[in-house]
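Work through the exercises below with the sequence and the structure at hand. Each task is followed by a solution in steps.

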Amino acid sequence: MKELNEILNYTLQFNKDVGISLRAILMLLLVLIFASFLLKYFEKFVKKRLQNEDKNKFNTVFSFASWLLYIIILLVTLNSLGVNVTAIFAASAALLIGVGLALQTFFQDIISGIFIILDQSVHVGDIIELDDKVGRVEEIKLRTTRAVTIDNKVLVIPNHKYLSNSLYNWTQNGTTTREHIKIGVAYGSDVQLVKRLLLKIANEHPKIFKHPEPVVIFEDFGESSLDFKLVFTLNDSFQAQIPKSEIRFKIDELFREYNISIPFPQRDIHIIKS
């Protein structure tokens, strides 16, 4: 028994201020194992009472909170076992400052990820626009958000971008969105005919909603054209490029049939001879 106590009391001395005994190491391991069992039980207990979507959010936050809790348990246990924690921090102060600076953006991403999950500004399946990039959210992690763009490319967004940039959530108010197509016609064109043709094209397209009705707006007397905007509602804005393209094809076809010209900018050049 005496020999066992001597072994357990053997101290690993790192310097004159920092040392830890084998007894303290064993106690620390036992505390960490006990804490891990409690955390796993708590995780199962909470997840049983959550819906599937909330489970994913809980997993993300819980993974970060667990590591933070382990660090706190580690420091408190070492301090209670007589280890000079203050001396450890003092000895590694320069290293901790360097690591902190290097991980600054990393922690910004994590904090932003927690905010995103808690305030529910973005959900899986939402269509978002950030830095002129549009994608459908596939997965929200603690550090990054994974989205798939219209051309099926994976977009990995660091979460701190949500705090420093304006985020457009196309589908937060529902899956339907108002889209528009701008068109210019030549001066002298029958504007009422233009309006009827644009509404006819919109109302006949299978993917455009009848309610709310499509609207034609006479925007302005442009520099070289009469400017119109056709406004309509779609159910899948993520694929809006396809119906928009089909509408433009139909506009070109009908305008040719009814002799409505789509002008292009022209300039008169005057050459002055000296």
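A residue counts as buried under 20% relative accessible area, as exposed over 50%, and as partly exposed in between. The model used here is predicted.

**Exercise 1.** Classify Arg 49 as buried, partly exposed or exposed, and state where in the chain Arg 49 lies.

Solution.
- Step 1: The loop between α2 (22-47) and α3 (52-80) contains Arg 49.
- Step 2: The relative accessible area of Arg 49 is 56%. The cut-off for exposed is over 50%, so Arg 49 is exposed.
- Step 3: On the surface, Arg 49 belongs to a patch of positive charge, together with Lys 40, Lys 44 and Lys 48.

**Exercise 2.** Apply the cut-offs to Ser 121 and give the separation of its C-alpha atom from that of Tyr 162.

Solution.
- Step 1: Ser 121 is found in the loop between α6 (104-119) and β3.
- Step 2: Its relative accessibility is 23%. The range for partly exposed runs between the cut-offs of 20% and 50%, so Ser 121 counts as partly exposed.
- Step 3: Ser 121 and Tyr 162 are 41 residues apart along the chain, and 9.9 Å separates their C-alpha atoms.

**Exercise 3.** Write down the strand order of the open sheet of five strands and find which strands stand at its edges.

Solution.
- Step 1: The order is β6-β5-β4-β3-β7, and the pairing is antiparallel.
- Step 2: β6 (154-158) and β7 (168-169) each have a single partner strand, so one side of each lacks a neighbour in the sheet and the two stand at the edges.
- Step 3: Within this order, β3 (residues 127-130) and β4 (residues 133-140) are joined by four bridges and run antiparallel. Ile 128 has Gly 135 in β4 as its bridge partner.

**Exercise 4.** Describe how strand β10 (residues 226-234) is covered and how it is joined to β8 and to β9.

Solution.
- Step 1: Eight of the nine residues of β10 are buried, and the strand is mostly covered.
- Step 2: β8 (residues 177-185) runs antiparallel to β10 and is joined to it by nine bridges. Among the pairs is Val 185 with Leu 226 of β10.
- Step 3: β9 (residues 215-221) is also antiparallel to β10, with six bridges between the two. Here Phe 221 stands opposite Leu 226.
- Step 4: Leu 226 is thus a partner of Val 185 and stands opposite Phe 221.
- Step 5: Four residues lie between β9 and β10, and the two strands form a hairpin.

Notes:
Residues numbered from 1 in each chain as written. Predicted model: local features only at pLDDT ≥ 70, side-chain atom pairs only at ≥ 80, totals over all residues. Heavy atoms only, no water. Patch = residues over 30% accessible without salt bridge, like charges linked within 9 Å, V, L, I, M, F, W, Y side chains within 5 Å. Areas by Shrake-Rupley, 256 points an atom, 1.4 Å probe, with all protein chains shown as cover. Salt bridge = Lys/Arg side-chain N within 4 Å of Asp/Glu carboxyl O. Lys, Arg positive; Asp, Glu negative; His and termini not counted. Charge placed at Lys NZ, Arg CZ, Asp CG, Glu CD. Buried < 20%, exposed > 50% of the residue type's maximum accessible area, 1.4 Å probe, protein only. Pairing = 2+ DSSP bridges.
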